[in-house]
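Me: I am new to this structure and would be grateful for a close look at a single part of it. Please take me through that part in one connected account.

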Amino acid sequence: MRFLIQRVKRAQVTVKEKIIGEIGKGFAVFIGVEGADTPEIADKMTKKLIGLRIFEDENGKTNLDLKTVGGALLIVSQFTLYADCRKGNRPSFINAGEPKMADALYRHIVDRCRQEIETVEEGIFGAEMKVELINDGPFTIWLDSDELF
């Protein structure tokens with residue numbers, strides 16, 4: 001499982017010219033699911049996401065987490081995080097989880113986040129989406145379950 005996390009001042013996702021999710025200060029999170037991923041991996045990744053201390057405290061140190069600063073989440077499914085570009089110029093996505101399984105894990109992650117964070121917005125799994133954001137920092141974190149657990 002892979003999470004690409006961007007600390008944002010604001011972010012929104014649009015489908016067919018309609019804004020379907022929008023947040024202020026928080027994280028825009030792009031989630032890629034691999035075929036071998038499980039709800040247990042999703043829970044560990046979600047716990048790590050929510051606990052990340054990457055907001056500045058009163059001394060300018062990145063020491064505060066999402067809950068402490070009252071931040072929000074915008075969560076977007078992104079199978080392209082599993083692009084394999086080793087051969088040729090056309091990426092392969094064979095390592096991405098099959099859609100039904102990946103959608104179930106995506107829903108699981110969104111539900112877990114909603115248990116912890118007051119404002120959780122999301123994209124639509126499998127839809128053609130436009131994502132706009134203002135990266136705060138810029139601050140971007142890559143979490144890969146193969147490297148964390």
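In which strand does Leu73 lie? Please begin there and continue to what surrounds that strand.

Reply: Leu73 lies in strand β6 of what is a predicted model. The strand covers residues 72–77, and the account below starts from Leu73 and moves outward.

Leu73 counts as buried, because its relative accessibility is 0%, and the cut-off for a buried residue is under 20%. When neighbours within four places in sequence are left aside, the residues in contact with Leu73 are Ile23, Phe27, Val29, Leu49, Leu66, Cys113, Ile117, Thr119, Val120 and Glu121. Among these partners, Cys113 is also one of the buried residues of helix α2, and Leu49 is one of the residues with which helix α1 meets α2. A further relation in space concerns Ala11: Leu73 and Ala11 are 62 residues apart along the chain, and their C-alpha atoms are separated by 9.1 Å.

Ile75 belongs to strand β6 as well. Ile75 is likewise buried, with a relative accessible area of 0%. Beyond four places in sequence, the contacts of Ile75 are with Val29, Ile31, Tyr106, Val110, Cys113, Val120, Glu121, Glu122 and Gly123. Several of these names have appeared before: Val29, Cys113, Val120 and Glu121 are among the contacts of Leu73. For Val33, the distance is given between C-alpha atoms: Ile75 and Val33 are 42 residues apart in sequence and 13 Å apart in space.

Two of the partners of Ile75, Tyr106 and Gly123, can be followed further. Tyr106 is placed in helix α2 and is buried, at a relative accessible area of 1%. With neighbours up to four places away set aside, Tyr106 is in contact with Ile75, Val76, Ser77, Glu122, Gly123 and Phe125. The C-alpha atoms of Tyr106 and Asn95 are separated by 16 Å, although these residues are eleven apart along the chain.

Gly123 is found in the loop between β7 and β8. At 7% relative accessibility, Gly123 counts as buried. Outside its four nearest places in sequence on either side, Gly123 touches Val13, Ile20, Ile75, Val76, Tyr106 and Met129. Thr68 offers another point of reference, since Gly123 and Thr68 are 55 residues apart in sequence and 25 Å apart in space, C-alpha to C-alpha.

The path from strand β6 through Tyr106 leads to helix α2, which runs over residues 99–116. This helix has 18 residues and reaches 26 Å from its first C-alpha to its last, close to the 26 Å expected at 1.5 Å a residue. Its buried residues are Ala102, Leu105, Tyr106, His108, Ile109, Val110 and Cys113. An α-helix has 3.6 residues a turn, so residues three or four places apart point the same way. What covers the buried residues of α2 includes β1 (2–15), β3 (26–32), α1, β6 and β7 (120–122).

One of those covering elements, helix α1, comprises residues 39–51 and packs against α2 at an angle of about 40°, the two axes being 10 Å apart. That angle makes α1 oblique to α2. The crossing of the two helices, α1 and α2, is right-handed. On the side of α1, the contact is made by Pro39, Ala42, Asp43, Thr46, Leu49 and Ile50, and on the side of α2 by Leu105, His108, Ile109, Arg112, Cys113 and Glu116. By class, the contact has seven nonpolar, two polar and three charged residues. Cys113 joins several parts of this description: it is one of the buried residues of α2, takes part in the contact with α1, and is in contact with both Leu73 and Ile75.

For contrast, the loop between β1 and β2 holds Lys16 and Glu17. Lys16 is exposed, with a relative accessible area of 79%, and Glu17 counts as exposed at 78%. Most residues other than glycine have a negative phi. Lys16, however, has a positive phi of about 50°, and Glu17 has a positive phi of about 70°.

To return to the starting point, Leu73 and Ile75 of strand β6 are buried, and β6 is among the elements that cover the buried residues of helix α2.

Technical notes:
Residues are numbered from 1 along each chain as its sequence is written. This is a predicted model: local features need pLDDT of at least 70, side-chain atom pairs count only at pLDDT 80 or more; totals for chains, interfaces and linings use all residues. Side-chain values use heavy atoms; hydrogens and water are left out. Axes are lines fitted to C-alpha atoms, for helices over the stretch in contact, and angles run from 0 to 180 degrees between N-to-C directions. Helices (H or I, at least four residues) and strands (E, at least two) are DSSP runs, numbered from the N terminus. Angles under 35 degrees count as roughly parallel, over 145 as roughly antiparallel, 65 to 115 as roughly perpendicular and the rest as oblique. A crossing is left-handed if the near helix is turned anticlockwise from the far one by less than a right angle, and right-handed if clockwise. Contact means heavy atoms within 4.5 Å. Ala, Val, Leu, Ile, Met, Phe, Trp, Tyr, Cys and Pro count as nonpolar, Asp, Glu, Lys and Arg as charged, and the others, Gly among them, as polar. The expected span of a helix is 1.5 Å times one less than its number of residues. Buried means under 20% relative accessible area, exposed over 50%, partly exposed in between (1.4 Å probe, protein chains only).
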